[in-house]
Amino acid sequence: MAIENVLLALFYVLIFPGIWFLATYGMTLEWVDRKLGAVLQNRVGPPWFQPMADFVKLVSKEVIIPKACDTLMFRNLPYFAVAGVTAAMMMIPVWNGALFSFEGDLIAVIYLLTIPTATFFLAGWSSTSPYAAIGSMRVLTQLFAYEVPLMLALIGPAILAGSWNITAIAEHFARNPAYMPAQIPGFLVAVLALQGKLERLPFDMPHAKTEIVGGQFTEYTGRLLAFFNMAVSMEMVVGAALLNAVFLGGGLGLTGIGAFALFMLKTFGVVLLLVVLRVLMARIRIEQMVNFCWQILAPLAMAQIVFDIFLRIKLG
Amino acid sequence: MKKKIPGRALGEAVRQLFKKPATSAYPFEKAKLQPKFRGRIAFEQEKCIGCKMCVRVCPAKAIEIVLSADQPAAPAPVEGQAPAPAKKKFDCVIHLDRCVYCAQCVEVCPKKALASTDDFELAQLDRKALRRHYK
Amino acid sequence: MSKISIPLGPQHPGLKEPINFGLVLEGEQIDKATVNLGYNHRGVEKAAEERTYIQDIYLIERVCGICSHSHVTCYITCVEEIAKAEIPERAKAIRVLVGELERIHSHLLWLGIAAYEIGFDTLFMYVWRDREHVLDCLELVGGNRVHYSINTLGGVRRDITPEIKAELLKRIDILEARTKYYTTLATEETTVLARTQNVGVLPKDLGIRLGACGPTARASGIARDVRKDEPYLIYDKLDFKLITADTCDVFGRVVVRVLETVESCRIIRQVLNYLPEGPISIKVPWKIPEGEAVNRYEAPRGEDIHYVKGNGTDKPERVKVRAPTLANYHAVPHMLEGGWLADVPLVIAAIDPCMSCSDRALVTDRAAARSAVWSWEEMRRNGIEFYKRRGVDFSKVTLK
C-alpha cells in the first residue's frame, strides 16, 4: 500500500470526518444544547468554550479507580465508545457521499451505534457498585425499548429508496423531495428514539442523578469520564447526521461547501428538536418508557413501513 | 379526568426566548438589597457608653466590648465643681464567624452605637480576618 | 430475580439533608424500606436551656431554615402565654402576614424541588425564578431573605409602612398569577402526571393511624389544619379555604400545595387591608415567671408543636420542639413499599422533609426499660469519646 493511502486513511480517521471533526462539532452541539436549554429556562447559560473547558478540566484531573473495578475492561471502555461512534461516522455522508459506502451500510451504522451503548452497560457492570449496576440494567432495558422503533423507522425510507445504502437513500430523496413529507411520522419516531439512545430527558433514567447518583458512570472519574462524555457528544452528531441522511435527503444533490453548509444546518435543526424535547419533559419511569416505545412508537413506525410499501408499489 | 398535554410548557418556554435572563453573573454584577437588610454590624466609638447590653443579648456570643488601649485624659477641673471623671473609651470586637446577623444588638443599644450595614460579602481566606476590632 | 439492598443516603443527590433509607430492591421495584434518622442532631433544645429567652428567639429560628418564622412564632407565643403578655393586634397581623409569605416561599420551594426530583428542570427553574418575588417581599418586611427575625418578645420588630404595603400587594398579584399557571402546568403536563399519579399512595385510614400531618395528610383527605381547628393570632378573622385532595398520592400533594399557595395570597391581601393601627410591640420583662405552655402552629410542612417551661429566671427550664417532619416520617416506608426505585426521591420529597428540624437524642436502655436525657457535660464527654475511637482528639478543645 502506498504511503499516501495510509496518510489519507489517517486523515479520515483522525481529522475529517473522524475524531477531530466529531469532537469539535460535538462540543459545539453540546454548547448549543446547554445554551439554548438555559435560554428556554430563562437563565444566562454557559459561555461557548464551556464544553471544552469541562473536557480539559476532567482530563487533567486525577483518575480514581476503586479496587473492585480495576480491570482492563474498566480502563479501556471509554476509548471503545469513542471508536464505535467514529467508525459509524465513516459510513454517513457529510458532503460528497460517505467514505465507505456499500449495500447494507445502514444496518452496519445501526450496529456500530450500539457499541457505545454496550460500553455504557459494561462500564456500569464492571463498576460493581449498586448504583452503577442499576444504571447498567437500565441502559440495557432502554436499549431494547428504543432500538426496535429506531430500526423500524429507518427501514421506511430504505424500502422507499429500494436500497440499504445510506448514500443511495439520501440521493433518492434528493431526486424525489416530494416523498419527504410522507416520512414525517417516521422521522418523529426516529427523533424520539434518538433521544432515548442519547439518554437525554425524558429518557435519561440510566444516569438519573436524583435516583441513582451517576448511574453507569458512578465510579468513573477524570480522563475516563471525559472520554465517555465526549463519546456522548459525538453520538449526538452521528445520530443527527444519520437522520439528516436518511430522512432529510442529505446534501440534496449539492456538492462541496454548499452541501457541507446544508449538513451543518440540518444537523443543527435536529439538535434543536432534541433540545426542545429535553426542556419540555419530566423524566419518565423505565417501565413507562418501555410501554411508550412498544405501544406507541413501534406501531407508528410499522404503519409508516406499511405506508411506504404501499407507496412504492403504487408509484413503482 | 383532566386533560393531558405533552409539552405543556412549550408556550412559556418560547416566551423566554424574548426575555432577559433572570439569573445574573453575580460577583461581577452586584446583588440588589432591600433597605432593611441586616448585614455586618458597624460600631461608632463616640456613642458607646460601655453598658454591654449588646453582649448580654447576643445569641451567638459574637460581640465583645473592651476598654480601649488609650484612654482620654480627664477634663481639666473647673473651679468650684467636683472634678469630673474621665469619659471612658470602648472598643468593640465582633467575631464575624459567630455572628448570625440578627441585629438584636442594634435594637437593644441605648445610644445607637451599633448599626447594620449593607455589607454581606464577608468571606475570608484567613480566619483571623473574621475577628473585626473596631477602634 | 435476586434481591439487592441499596442505601439511599445519608449522602445522596436526591436528598437535600442527611437521612438514610435502606431499600431492598427486586429489580426496579421496592420490596422493603426502612428509615434511619439521627444524622443531623444539633442539640438545639439543650442549647436553648443555656440561653435567655431573647437569645432563644434567634436560636429557635435556626431549628429550620425554611420554616424559621413558624418555629419562632410557636415558641414566642408559649413564652408570652407564660408571661401573660397580650401582644398588640397589629403585631399579630404582621406575624400572620410573614407566616403566610413564608408558606408561599416554602411551597414554591417544594414545587421546584419536586420538579427537580422528576428531572423537570424547566419547571424547577421557572418556579424558583418566581419564588424570588416572595423572598424579596420577606426581605422588604423583615430585613433578610431566610431568617426574617421579625418576632421579638411582646410583638414584632419591624413595622409595615404604606410603601411596603403597596409593594407587597403588587408582588402578591404577580405571585398569584404565576402560581395559577403552575397549577395548570403541573396538572396537565403528561410526563408530570405519569410520574405523580398513583405514586406514594397513603390511604386515609393509614394516614390517620400513622399520624401524618400538614399537606401530606390533607392530600389523603384528612381535613386537618391548625389554622382552622384552633385559630391562633388573627386566623379566626380571616376567610380562607381548607384545601384537601382525595387522590392520596403525590399528585394530590402537588395540588394541595399549589392551591394553598393561592389561598395564602388571598390571606395576605386580607391581612394587609385589615392591618389595625397601633403599636407593634409591648414591653415584656426579661424574667419570665414560673409556668409552662404548649402551642400549636400550622407550619408549611404541617403541625408544629412547642412546649416551654419557665422557672422564674431569664432562661427557660425546658424547650421541646416537635417538628412536623417527625410526624410524617412514619408514613414514608409505607408509601415506598411496592413502588419503583425511580419514585423514591419524589416520594421522600413529597412530605417536604426537614431532617435537621427533627433529629433528637435520647438514651434508651432497652434492658432496663428506662430512658434518660443527657446533661450538657455528659453529651460533650460522650462526643469526645466517640471521636477518639475514630482517631480525632477533641479533648484539648476548650469551649468559650
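**Figure 1. The two domains of chain C and the distance between their centres.** Measuring over C-alpha atoms, the centres of domain 1 of chain C and domain 2 of chain C are separated by 35 Å. Please keep in mind that everything shown here and in the legends below belongs to a predicted model. The domain assignment places residues 44-322 of chain C in domain 1 and residues 362-400 in domain 2.

**Figure 2. A hairpin in chain C, formed by strands E6 and E7.** Here we zoom in on strand E6 (residues 291-299) of chain C and its partner, strand E7 (residues 302-310) of chain C. These two strands run antiparallel and are joined by nine bridges. Two residues make the hairpin connection from E6(C) to E7(C). To find your way along the ladder, start at Val294(C): its bridge partner in E7(C) is Tyr307(C).

**Figure 3. An open sheet of three strands in chain B.** The strands of this sheet in chain B follow the order E2-E3-E5, with antiparallel pairing. At the edges lie strand E2 (63-67) and strand E5 (131-134) of chain B, each of which pairs on one side only. If you look at how neighbouring strands of the sheet are turned against each other, the average is 20°, with direction ignored.

**Figure 4. A closer look at the pairing of E3 and E5 in chain B.** Strand E3 of chain B covers residues 90-95 and pairs with E5(B) in the antiparallel sense. Four bridges hold the count for this pair. A handy landmark is Cys92(B), which stands opposite Tyr134(B) in E5(B). As a reminder for this view and the two before, strands of a sheet pair through backbone hydrogen bonds, either parallel or antiparallel.

**Figure 5. Chain A, a chain of helices.** Twelve helices and zero strands make up the secondary structure of chain A. Followed from the N terminus, the elements of chain A read α-α-α-α-α-α-α-α-α-α-α-α. Chain A has a radius of gyration of 19 Å, close to the 20 Å given by the globule rule for 316 residues, so chain A is as compact as a globular protein of that length.

**Figure 6. Extent, burial and contacts in chain A.** Taken along the principal axes, the box filled by the C-alpha atoms of chain A is roughly 60 × 55 × 40 Å. Inside it, 50% of the 316 residues of chain A count as buried. Among the contacts in chain A with a separation of 6 or more, 79% come from residues 24 or more positions apart.

Methods. Residues numbered from 1 in each chain as written. Chains lettered and ligands numbered in written order. Predicted model: local features only at pLDDT ≥ 70, side-chain atom pairs only at ≥ 80, totals over all residues. Domains from an automatic or database assignment. Pairing = 2+ DSSP bridges. Axes fitted to C-alpha atoms, helices over the stretch in contact; angles between N-to-C directions. Rg over C-alpha atoms; globule rule 2.2 N^0.38 Å. Buried ≥ 20, exposed ≤ 12 C-beta atoms within 10 Å, placed from the backbone. Contact = placed C-beta atoms within 7 Å.
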